[in-house]
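Subject: Handover of the structure, with notes

Dear colleague,

I am passing the structure below on to you, together with my notes on what was found in it. Please read the notes with the coordinates open beside them.

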Amino acid sequence: MGSKYIPLSVVPPDYDQNLLSDEVIIIAYVEMAILYMLILLCLAWLFRYRHDKTVINSQPPLMVLVLVGMTVATTSIGMLTADDSGRNDLDPSSACIALPILFFLGLQITLAALIGKAYRIYKLFNNPKLRRAAVPLNRAFFVVIGAVLLQLALCLVWALAYPLHWKRDITLAD
């Protein structure tokens, strides 16, 4: 019978691990930092002009949700830097699971906030009697919360049923 363990006396073959270079990892983190700074700049602008008529009509709470979604999606870039070289603290298997969940969740938050904004505009203009109408913000939030909960449920089922794992296969050896 064979063994699935390699004896200590056997030296494993050399192989190309195709690890990310330091430059690529630095570029990824610089890109993340630039995106975070742009998100903070947009948030500061939103706060600075919060009493302006244009910003008030732009539905600031939903604009903040767009920025939150962008922040969550931007965080997924850091998961791309995980490998088994030991250069960072990211566990490759955890990063494999977190990458699509963070990206899709951030995208869903952003899109749901935009759909919530569009829903409010639709309700205002779909007014056959042309009366003054107000669409409460909580209806738009129900759209956002429903979409995000659906996305979380799908990601949870995916992560539990078919979890992603980091695995290195040596396909060619001397």
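Against which helices do the buried residues of α3 pack? They pack against α1, α4 and α5, the last of these covering residues 137-161. Please keep in mind throughout that this is a predicted model.

Overall picture

The secondary structure comes to five helices and zero strands, so that, read from the N terminus, the order of elements is α-α-α-α-α. The radius of gyration of the protein is 23 Å, whereas a compact globule of 174 residues would have one near 16 Å. In keeping with this topic of overall dimensions, the C-alpha trace spans about 85 × 35 × 20 Å along its principal axes. Of the 174 residues, 24% count as buried, and the protein exposes about 12800 Å², of which carbon and sulfur atoms supply 68%. Where contacts join residues at least 6 apart in sequence, 75% of them link residues at least 24 apart. As for charge, the protein has 14 positive and 12 negative charges, and the mean positions of the two sets are 33 Å apart.

Helix α1

Helix α1 covers residues 22-48, which is 27 residues, and reaches 38 Å from its first C-alpha to its last, close to the 39 Å expected at 1.5 Å a residue. Its buried residues are I25, A28, M32, I39 and L46, and these pack against α2 (53-57) and α3 (60-79). When you look at the spacing of I25, A28 and M32, which are among the buried residues of α1, a general point is useful. An α-helix has 3.6 residues a turn, so residues three or four places apart point the same way.

The loop before α3

Q59 lies in the loop between α2 and α3, and its phi is near 60 degrees, a positive value in a residue other than glycine. Q59 is buried, because its relative accessible area of 10% falls under the 20% cut-off.

Helix α3

Helix α3 has 20 residues and reaches 30 Å from its first C-alpha to its last, close to the 28 Å expected at 1.5 Å a residue. The buried residues of α3 are L62, L65, V66, L67, G69, A73, T74, S76, I77, G78 and M79, and I describe two of them, V66 and S76, in more detail here.

V66 is found in helix α3 and counts as buried at 15% relative accessibility. Not counting residues up to four places away in sequence, V66 touches T110, A113 and L114. By C-alpha positions, V66 and P7 are 54 Å apart in space, with their places 59 residues apart in sequence.

S76, which also lies in helix α3, has a relative accessibility of 4% and therefore counts as buried. If its neighbours within four places in sequence are left aside, S76 is in contact with L99, L102 and F103.

Helix α4

What does T110 touch, leaving aside its neighbours within four places in sequence? T110, which lies in helix α4 (residues 92-125), is in contact with V66, G69 and M70, and the pairing with V66 is the one already met from the side of α3. T110 is buried, with a relative accessible area of 14%. Its C-alpha is 9.1 Å from that of A73, although T110 and A73 are 37 residues apart in sequence.

I101 is also found in helix α4. Is I101 buried or partly exposed? At 22% relative accessibility I101 counts as partly exposed, because the cut-off for a buried residue is under 20%. Leaving aside its neighbours within four places in sequence, I101 is in contact with C155 and A159. The C-alpha atoms of I101 and M70, which are 31 residues apart along the chain, are separated by 13 Å.

To return to the opening question, the buried residues of α3 pack against α1, α4 and α5, and the contacts of V66 with T110, A113 and L114 may be a convenient place to begin when you open the model.

With best regards

Key: Residues are numbered from 1 along each chain as its sequence is written. This is a predicted model: local features need pLDDT of at least 70, side-chain atom pairs count only at pLDDT 80 or more; totals for chains, interfaces and linings use all residues. Side-chain values use heavy atoms; hydrogens and water are left out. Helices (H or I, at least four residues) and strands (E, at least two) are DSSP runs, numbered from the N terminus. The radius of gyration is taken over C-alpha atoms; the globule rule is 2.2 Å times the number of residues to the power 0.38. Buried means under 20% relative accessible area, exposed over 50%, partly exposed in between (1.4 Å probe, protein chains only). Contact means heavy atoms within 4.5 Å. Accessible areas come from the Shrake-Rupley method with a 1.4 Å probe; for residues, only the protein chains shown count as cover. Lys and Arg count as positive and Asp and Glu as negative; His and the chain ends are not counted. The place of a charge is taken as NZ of Lys, CZ of Arg, CG of Asp or CD of Glu. The expected span of a helix is 1.5 Å times one less than its number of residues.
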